[in-house]
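User: I should like to understand the reasoning behind the terms used to describe this structure. Please set each value against its definition.

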Amino acid sequence: MDKAAIIGIGMTKIEARRDDWTFADMAFEATRKALEDAGMTIGDIDNVITTSNDFWDGRTISCMAVGDASGASDKNVSCVEGDGTFGALYGLARTLSGSYGTTLVTAHSKGSQSVSSLITNAAFDPIYNRALGLDMIGACALQASAYMHRTGTTARQLAQVSVKNHGNALKNPVAQLGMKLSVDDVLKSEMIADPLHKLDCSPVSDGCCAIIIANEDRAKKYKGKPVWIKGVSMCADAYFFGDRDLSTAASLSKAAKQAFAQAGINDPSSQIDFAELYDAFSYQELMWLEGMGLAGDGAAGKMLEEGAFDIGGKLPVNASGGLLGGHAVIAAGLYRIAEVVRQIRGEAGAYQVKKARTGLAHGVNGLAGQSHCVWILGKDK
Amino acid sequence: MAKRAAIVGTGQTFHKSHRPDVNGQELINEAVSRALLDANLTMKDIDAIIIGNMDHFEGINYVDCWSVDGSGGTMKPVMKITTGGTTGCTIAIGGYHLVASGMFDKVLIVGWEKNSESDTSGAITTAFDPIWDRLVFAGAISGLAAEAQAYIARYGATDRDGARVSVRDRKHALNNPHAQLRKEVSLEEVLASPMLADPIHLLDVCPRTDGACAVIMASEDSAEKITKTPDWIWGTGNRHPYAYLGDADYGRLTSMERTAKEIFKKAGIKEPRKEINVIELYQPYSFAGIIWIEDMGIVPPGKGAEYIWSGATDMGGELPINPSGGVISCNPIGATGLIRCAEAAMQVMGKAEGRQVPDVNHAVSTGFGGCWWTDMILHGKKKPNY
Amino acid sequence: MAENEHIVIESGEAAQPFNYAVGMYGSRFFKELRENKKIMGVKCPTCGKVYVPPRGVCGPCFQEMKEFVEVGPGGVIGTYTILRFAFIDPETGHQKPVPYGYGFIKLDGADTLFQHYIDLVDEKKVRIGARVEPVWANERKGTIKDIQYFRVVE
């Protein structure tokens, strides 16, 4: 893979409800921030990728609402439907294909406008599964049970993820849900779907994130600190739950392996300094860490208890507060990429991790982590 | 290193108005299997998959994930790209970039739709802004009718001119076994068909269709090993302007003009009418066959009808348009743009059978949709020198 | 079961309710419509174009717009059609009554076209360039339906 770098990021504050903003208003805000961050004007952007989902936005062709506001009025533009990490992957491909020197990628969502259980229920097969009434929470609760049963991970360990990430979110000005919690607070919160308590679940939020990707030539002209893209990979598992081993993340393992190989990483647990993962539910942080080989199989819970994933730990995970700290659905993975960029530049302020030379960002598509996208970013070219 | 990319195989379903004999995954798989067979490849050879459709026609969320049993995407990279009517062309452009970037060597591109599973006009109406556009909007036809009225007022075309385009495409469809509607019609029959939205008659517009299409693209490292006649991608581009329907310049397709200029300039094409041998135009209604070829730069503004009447765009003419029968004969929306791309590729590869145009050096395929949007691909027999 | 019987499962009464945020610009528009029968556009400080509906960004200039200007309420038909076919209205789930006039109206002082119904009392008068004015709803609630339709005036 040719070299490319992220040279601009823009994040709106993740919030529970922004009635004063249309999708376009959010996209404009994030785009302007990213341009300002990169020291660029819209004329410096060669093409645009927006990322959105028609179900979440309540309209077909949801990208129509944000094209002009993302600066795409007279530019080549496309739209990925899925997590922002997938949108960014396509943006990277367009930057490396020789067609465009710079790509602006945006991803937006307003969870406040819809009924999330109905929207995620529509991800189930209309013939066999949908009428059973499952939604994302139910699906992930099934997965949490399977994962806990296989690995012996405990409800207290899940709760500890929630405590850590909500605590980290207090330090991040763009996070929505910073909270000082105890393990007991989490365990005493309402049981939503066994074994997931309310505080094991991320909120459904409003937010838009934008990043600017540049090829090597254009990154050289950039005055700031480019963050280099070292490896990117995606992979989808089987669709029907009965066809998957829900307790493992096989597609994530494959994607991570490929991304590590591209980045020349042969010992991820020592060479990855920190990670921003898709923790839509507390158990996912542990399960994804194991799936990627950043923790031994079934060992993540114990490492967490030992503080390994704290901001000051051996492998800080979701120092930003992660999705538990604010979850604008489609944008969530792009926020992870932007947060990794912040850390590598050393601009993360109160939640800055000490060693931030090589970081991992991660996004998910589909139910219970069916499809994953893994990004390795680094300070060094 | 950026790489050149080519289409090495295509596959389509036999498109029909209603396919209750298959579910969505099975419909997709028909096209995928045919594309693999055409390229003499197996699923093992495929490095990534791009899929596209319009969510609200089938009501399935996260189609990239749901469709893996049909697309072959289990334990492979899968991505969904979607831009409304332009989707089919947009995903082909996506496949081009994934291959040209050097990130994936062989990419499978899948467009599909089962339009029979919902009310198409109602679903298209939800594409438009819920606050501002939805009250009066009535699916694609209402916007298209407004375009035709504006063009007629500006250039003095008649509904006979439109009907002539419909007669052409419906005649061409007789040569295409995959087309849904294969019945010749006369000018009089088009004009006598019910008025849907002035000045558009029933026989001026596309049907709704169940169908899927798959295209395989490969990098220059492997394209010529897979086929002796790869269809090289010479240029891709698009414009998706406007936030609301009222922002457009009615009577002109500005997005087509901007896109065509950019692509032809890159490819060094100075006289498109002479240098392009066949066009598969995403033409959802007859008048577009007049208006949009002007915007593409084939003929000057206001001269489209004259060119159509001359027979130049018929099979055997100077520049045949829609040898497949086009969108008027067949419209599984998420696949429609990709069918244009596949048909153009078949023309370049010499695989178009009964609808083959002789000696195709360059072909153009397009996608139309959204808020007066255009996507476009320039295909070529020779490997581009850039 | 016959060999060729293909079962189709209906989705039933399932619906996806949404609460669409109108935003700052739209809220101002609907407030003026409801309270003052005024139609508001927004002007780009760079190119001077006046947009209806108002929105935050001028696409071509990528410029934030803040200056609201009153447009209309009269205008001319920019383009139009007459809808004569029935389809399911996604707003109601029922067939939309046809025929109806569908107009893109160039409101006085605006540079974009504003969509609304056009009255079909005298179909022959519905032409591009014809002068129109809004017919207001008796009770205005701050929605696009505060205008019932536009009618052709001499």
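User: What phi does A:G293 take, and where does A:G293 lie with respect to helix 11 of chain A?

Analyst: In this predicted model, A:G293 comes just after helix 11 of chain A. Its phi is positive, at about 80°.

User: What makes helix 11 of chain A count as largely enclosed by the rest of the structure?

Analyst: A residue is called buried if 20 or more other C-beta atoms lie within 10 Å of its own. In helix 11 of chain A, residues 282–291, 10 of the 10 residues are buried, so the helix is largely enclosed by the rest of the structure. Among them are A:Y283, A:L286, A:M287 and A:W288, and also A:Q284, A:E285 and A:E290.

User: Which elements do the buried residues of helix 11 of chain A pack against?

Analyst: Their partners in chain A are helix 5 (136–151), helix 6 (155–169), helix 9 (250–262), helix 12 (300–305) and strand 10 (358–365).

User: How do you know that chain B and chain A are in contact, and how many residues are involved?

Analyst: Two residues are in contact if their C-beta atoms lie within 7 Å. By this test, 50 residues of chain B are in contact with 51 residues of chain A. On the chain B side, the elements that give two or more residues include helix 2 (55–58), strand 3 (78–80), helix 5 (87–100) and strand 8 (231–239). Helix 5 of chain B provides the largest share, six residues. By residue type, this side of chain B has 24 nonpolar, 19 polar and seven charged residues.

User: Which domains does chain B have, and how many residues of each take part in the contact between them?

Analyst: The domain assignment gives domain 1 (5–119 + 209–226) and domain 2 (128–208 + 231–380) of chain B. Taken over C-alpha atoms, their centres are separated by 22 Å. The contact takes 36 residues from domain 1 of chain B and 37 residues from domain 2 of chain B. On the domain 1 side, the largest share again belongs to helix 5 of chain B, with eight residues. The residues of that side comprise 16 nonpolar, 17 polar and three charged.

User: Why are strand 3 and strand 9 of chain B said to stand at the edges of their sheet?

Analyst: The sheet is open and has nine strands of chain B in the order 3-2-4-7-1-8-11-10-9, with mixed pairing. Strand 3 and strand 9 (278–280) of chain B each have a single partner strand, so one side of each is left without a neighbour in the sheet. From one strand to the next, the twist averages 30°.

User: In what sense do strand 2 and strand 3 of chain B pair, and over how many bridges?

Analyst: Two strands pair if there are at least two bridges between them. Strand 2 (residues 48–52) and strand 3 of chain B have three bridges, in the parallel sense. One bridge partner in strand 3 of chain B is B:M79, which is matched with B:I50.

User: Why is chain C called more spread out than a compact globule?

Analyst: Chain C has one helix and 10 strands. Its radius of gyration is 20 Å, well over the 15 Å that the globule rule gives for 154 residues, so chain C is more spread out than a compact globule. Its C-alpha trace spans about 70 × 40 × 35 Å along its principal axes. Of the 154 residues of chain C, 39% count as buried.

Key:
Residues numbered from 1 in each chain as written. Chains lettered and ligands numbered in written order. Predicted model: local features only at pLDDT ≥ 70, side-chain atom pairs only at ≥ 80, totals over all residues. Buried ≥ 20, exposed ≤ 12 C-beta atoms within 10 Å, placed from the backbone. Helix = DSSP H or I, 4+ residues; strand = E, 2+ residues; numbered from the N terminus. Nonpolar A, V, L, I, M, F, W, Y, C, P; charged D, E, K, R; others polar. Domains from an automatic or database assignment. Rg over C-alpha atoms; globule rule 2.2 N^0.38 Å. Axes fitted to C-alpha atoms, helices over the stretch in contact; angles between N-to-C directions.
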